[in-house]
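Good morning, colleagues. Please take a moment to look at the sequence and the structure before I begin.

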Amino acid sequence: MIEDYALIGDQRGAALVRRTGSIDWLCLPRFDSDALFARLLGTADHGFWDLAPVHLADASAAPVPVRRYADNSMVHEIEWVTETGVVRVNDFMVPGGVEAPQVVRIVTGVQGDVPMRSLLRTRPEYGLVVPRLDRADGRHVAIDVPAAGGRLWAQATVPLQTHDELGDVHAAFTVSEGETVAFSLVWREGIDVPAPQPAPDALLQYTLDHWREWADRCTYTGDDRAEVLRSLLTLSALIYAPTGAIVAAPTTSLPEEIGGDRNWDYRASWLRDGAFAATALARCGYLGEALAWKDWVIRSCAGTPGRWRIMYRVDGTTDLREEVLAHLPGYEGSAPVRIGNGAADQLQLDVYGELADTLLEFALGVGPDATPGIAAVIVDLATELEPLWAEPDMGVWEVRGPRRHFVHSKVMAWVTFDRAVQVIERGWATGPLERWKALREAIHAEVCEKGFDPEWNIFTQSYGSRELDAALLYAMLAGFLPADDKRVIGTIEAVQRELGTESGLLLRYRTEGEHVGVDGLSGDEGHFLICTGWLAECLARIGRVDEAQDVLAALRSLRNDVGLLAEEYDPAAGRQLGNFPQAFSHLAEILAAVAIGTASVGGEHTTVTTEPAGAAP
């Protein structure tokens, strides 16, 4: 299952390690590089790296290993107890950019003598290519990846054997108590010799120190600090450190419905997702990472003619053409497997508001020297949105059906002009203050007239609709109306009741099974985990703190054994769904915890508004 995996990463690329000791997904040197191992979405023929006790070849006799992350780090640790002894494997990638991108695996004998096997089957271009192998010596093997312009070097402290026809690199060895055996897979671009390798123990210690020092900067002090910190570490691992971009997830095409076709590539940097993640980081002491993301946004958008795009690649470029990889059968037969994302060119009006809201919060938290630059971006957002806001759009959920006047999008348009008015009134920027104040009020009045159903006392998914949408929860958090407004409370309660389970898990909206729904797709999906986080925030905001804590506990109960969450959850099957791990799900857990903590001590939410919102229609 998806939750059988753990994430390792170096803030450039990422890999997923299964609880059996197999790395089944690896993208080097970047998150969006062609996968070198793709068994996650196919079969063993599509690439993997097994490292485990020999006895695991008999799966029926294999014990369940114990795994964890070492302390507050992204170093994965798995331990097997076998008939002949105990062995531990540490898997990690080296962060900080001081070494070539690489995966390191260190085997340590804990007790007795344990026969081990390593089988490395690299398959560049998403499992399509059997690479040529060159043996440099008995412990270094070069693996050609010509399409990516470089080579991989398999290196070990024990002899390596090759099977040239299969492109396999393997080793068999026995590790005894107190002994270590190390392997690495190193990416080298434009260089035809292996990278000088520091001692494996030194690399491990450097990596542990890097993550522990990062964790020590966390300012969150609640009783649930350990849970929040694990989600923060996961978000940090999704940062592309060379630019500051944040990817939505390190995978593509993990299905929202097993056997279905709702399978998308999330290895890009959505402005919306990044804004939410940067907010979570900033509220827990990581303002530097949040501002690095802000700088990446400004650079990326400045280099793109026309309107702001909703997503970019991690280097700020825009080639996200969607393609189908027909040679991959998909996770548990869930096809198609897609790379790139066709939603990149959509009009999604909500993105302007989410950016403006996040940037205002940053402006309030930085020194006066940085404030004008941030405020200028908010004004730019409002300027670009002004001729667009009245158009129908594809919405926060990136529907592939007809455009609609989504209420969440219109509320976030209101947020854009509200935040622009604020920075102008504070003297941080210049702009058409009176015109935008009038436009802000006009949007507010339109939403309350066309997007509110007085009979049901709810805001609806779109103008003229009576359907609900969990994105309305986020809209209720944006300051559009006071928290105690009956329309806010009515909407929160209706979403909770009509789209949720008793424990607080929420659907985004109702799907239509075999029929095409509002999103332009057939099929169903799991419960969307960021929506559960929004529900917890909303409940905390309206004073139902105990209920909010219960909802947050329900969200946390879905984490796997190393604290990771996918995009969705299927309560009937009891399993995670969608790309993994998902920034949305982890930032939702963080922000809900912060909101509950703030509400518990009688504090106020960090979002500010200049004046009470408009009167009820």
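What is the volume of the largest pocket? It is about 670 Å³. I should say at once that this is a predicted model.

Let me stay with the pocket. Its lining comprises 29 residues, and those closest to its centre are Asp-32, Ser-33, Asp-34, Tyr-126 and Arg-313. Two elements each give two or more residues to this lining: helix H1, residues 124–127, and strand S15, residues 180–189. Helix H1 gives the most, with three residues. By class, the lining of the largest pocket has 14 nonpolar, four polar and eleven charged residues.

I turn next to the enclosed spaces. How many cavities of 30 Å³ or more are there? The count comes to seven. The largest cavity has a volume of about 280 Å³. It is lined by 22 residues, of which Tyr-266, Trp-397, Glu-398, Arg-508 and Glu-567 are the closest to its centre. Eleven residues of this lining are nonpolar, two are polar and nine are charged.

Now to the packing. In soluble globular proteins, nonpolar side chains tend to be buried together. Here, the largest nonpolar core has 165 residues, and Leu-232, Ile-530 and Trp-534 are those with the most contacts inside it. Helix H8, residues 407–425, supplies the largest share of this core, with eleven residues. Apart from it lies another core, of 38 residues, which includes Leu-51, Val-114, Leu-120 and Phe-183.

Trp-534 deserves a closer look. Setting aside neighbours within four places in sequence, Trp-534 is in contact with Phe-276, Trp-397, Ala-470, Ala-471, Leu-473, Tyr-474 and Leu-477. One of these partners, Trp-397, has already been named among the residues closest to the centre of the largest cavity.

Let us move to helix H3, residues 225–237. Does its length fall short of what is expected, or agree with it? At 1.5 Å a residue, its 13 residues should span 18 Å, and the end C-alpha atoms are 18 Å apart, which agrees. Ten of those 13 residues are buried, so helix H3 is largely enclosed by the rest of the structure. The buried residues are Val-228, Leu-229, Arg-230, Ser-231, Leu-232, Leu-233, Thr-234, Leu-235, Ser-236 and Ala-237.

Two members of this helix illustrate the point. Ser-231 counts as buried because its relative accessibility is 1%, under the cut-off of 20%. Beyond its neighbours within four places in sequence, Ser-231 is in contact with His-586, Glu-589 and Ile-590. Leu-235 likewise counts as buried, at 1% relative accessibility. With the neighbours within four places again left aside, its contacts are Ala-277, Ala-280, Leu-281, Ala-583, His-586, Leu-587 and Ile-590. Leu-235 and Ala-583 are 348 residues apart in sequence, yet 6.1 Å apart in space, C-alpha to C-alpha.

Finally, I would draw attention to Glu-498, which lies in helix H11, residues 486–499. Is Glu-498 buried or partly exposed? Its relative accessible area is 37%, so Glu-498 is partly exposed. Residues up to four places away in sequence not being counted, Glu-498 touches Leu-468 and Arg-510. Between Glu-498 and Glu-467 there are 9.8 Å in space, C-alpha to C-alpha, and the two are 31 residues apart in sequence.

Thank you for your attention.

Technical notes. Residues are numbered from 1 along each chain as its sequence is written. This is a predicted model: local features need pLDDT of at least 70, side-chain atom pairs count only at pLDDT 80 or more; totals for chains, interfaces and linings use all residues. Side-chain values use heavy atoms; hydrogens and water are left out. Helices (H or I, at least four residues) and strands (E, at least two) are DSSP runs, numbered from the N terminus. The expected span of a helix is 1.5 Å times one less than its number of residues. Buried means under 20% relative accessible area, exposed over 50%, partly exposed in between (1.4 Å probe, protein chains only). On a 1 Å grid over the protein atoms alone, a cavity is a set of points where a 1.4 Å probe fits but cannot get out, and a pocket is an open set with protein on both sides within 12 Å along at least five of seven lines; lining residues have an atom within 4 Å of a point. Grid points are joined across faces, edges and corners, and a volume is the space filled by probe spheres set on the points. Ala, Val, Leu, Ile, Met, Phe, Trp, Tyr, Cys and Pro count as nonpolar, Asp, Glu, Lys and Arg as charged, and the others, Gly among them, as polar. Contact means heavy atoms within 4.5 Å. A nonpolar core is a set of buried Ala, Val, Leu, Ile, Met, Phe, Trp, Tyr and Cys residues joined through side-chain atoms within 4.5 Å.
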